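Trainee: Please take one part of this predicted model and go through it closely. I would like to see how a single position fits into what surrounds it.

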Amino acid sequence: VQLQASGGGLVQAGGSLRLSCTVTGRTFWSEVMGWFRQAPGKEREFVAHITWTGGRTYYTDSVKGRFTISRDNAKNTVYLQMNSLKPEDTAVYYCATGREITVVPDFYDFWGQGTLVTVSS
């Protein structure tokens with residue numbers, strides 16, 4: 001299983017970016033796709049996840065109403081639309097897949113390489 005994340009970049013506060021994560025070699029056991037982020041000097045934190053079946057979503061409080069996670073099952077791709085970006089959203093964003101629907105990073109089995117999002121004030 002390989003995950004390829006893309007879409008990061010530099011944006012001004014209030015701007016938008018869309019991240020993509022394409023999964024190759026996904027097996028039947030994968031239940032959920034998640035986005036996490038890690039800012040310099042901080043631990044990796046959960047951002048959002050979506051189930052492959054049913055498209056159920058869940059967000060951390062700090063991004064609710066600003067970020068939207070979606071998926072295209074035919075393309076094995078998950079997106080993270082990020083609007084109204086704030087400087088505190090600056091981080092490396094990682095996508096991951098796992099068999100448990102959880103916000104805990106340790107329970108995700110495979111990870112992408114990360115894509116840097118920088119929000120300037």
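**T51 and strand β5**

Mentor: T51 has a relative accessible area of 3%, which is under the 20% cut-off, so this residue is buried. The position belongs to strand β5, which covers residues 45-51. Burial is the rule along this strand: six of the seven residues of β5 are buried.

Now the surroundings of T51. Leaving out residues up to four places away in sequence, T51 is in contact with E31, V32, R56, R71 and I101. There is also a polar neighbour: a polar atom of the T51 side chain lies 3.3 Å from the backbone nitrogen of G55.

G55 brings us to the strand that follows. β5 and β6 make a hairpin with five residues between them, and in that turn G54 has a positive phi of about 90°. The two strands run antiparallel and are joined by three bridges, with β6 spanning residues 57-59. One of the pairs is H49 in β5 with Y58 in β6.

β5 pairs with β4 as well. Strand β4 comprises residues 32-38, and six bridges join β4 to β5 in an antiparallel arrangement. Across this pairing, A48 of β5 stands opposite W35. These strands also form a hairpin, here with six residues between them, where G41 takes a positive phi near 75°.

W35 leads on to the nonpolar interior. The largest nonpolar core contains 27 residues, and W35 is among those with the most contacts inside it, along with M33, L80, M82 and Y93. Both β4 and β5 are among the elements that give two or more residues to this core; the others are β1 (2-6), β3 (17-24), β7 (67-72), β8 (77-82), β9 (91-98) and β11 (115-120). The largest share, four residues, comes from β3.

Y93 shows how these elements meet. Not counting residues up to four places away in sequence, Y93 touches W35, F36 and R37, and also V47. Its other contacts are L19, F67, L80, M82, G114, T115 and V117.

F36 has a place elsewhere too. A second, separate core of five residues includes F36, together with V32, F46 and Y108. V32 is also one of the residues that T51 touches, which brings the description back to where it started.

Key
Residues are numbered from 1 along each chain as its sequence is written. This is a predicted model: local features need pLDDT of at least 70, side-chain atom pairs count only at pLDDT 80 or more; totals for chains, interfaces and linings use all residues. Side-chain values use heavy atoms; hydrogens and water are left out. Buried means under 20% relative accessible area, exposed over 50%, partly exposed in between (1.4 Å probe, protein chains only). A polar contact is a pair of N or O atoms within 3.5 Å; within protein, one must be able to donate a hydrogen and the other to accept it, and residues adjacent in sequence count only if both atoms are side-chain atoms. Contact means heavy atoms within 4.5 Å. Two strands pair if DSSP finds at least two bridges between them. A nonpolar core is a set of buried Ala, Val, Leu, Ile, Met, Phe, Trp, Tyr and Cys residues joined through side-chain atoms within 4.5 Å.
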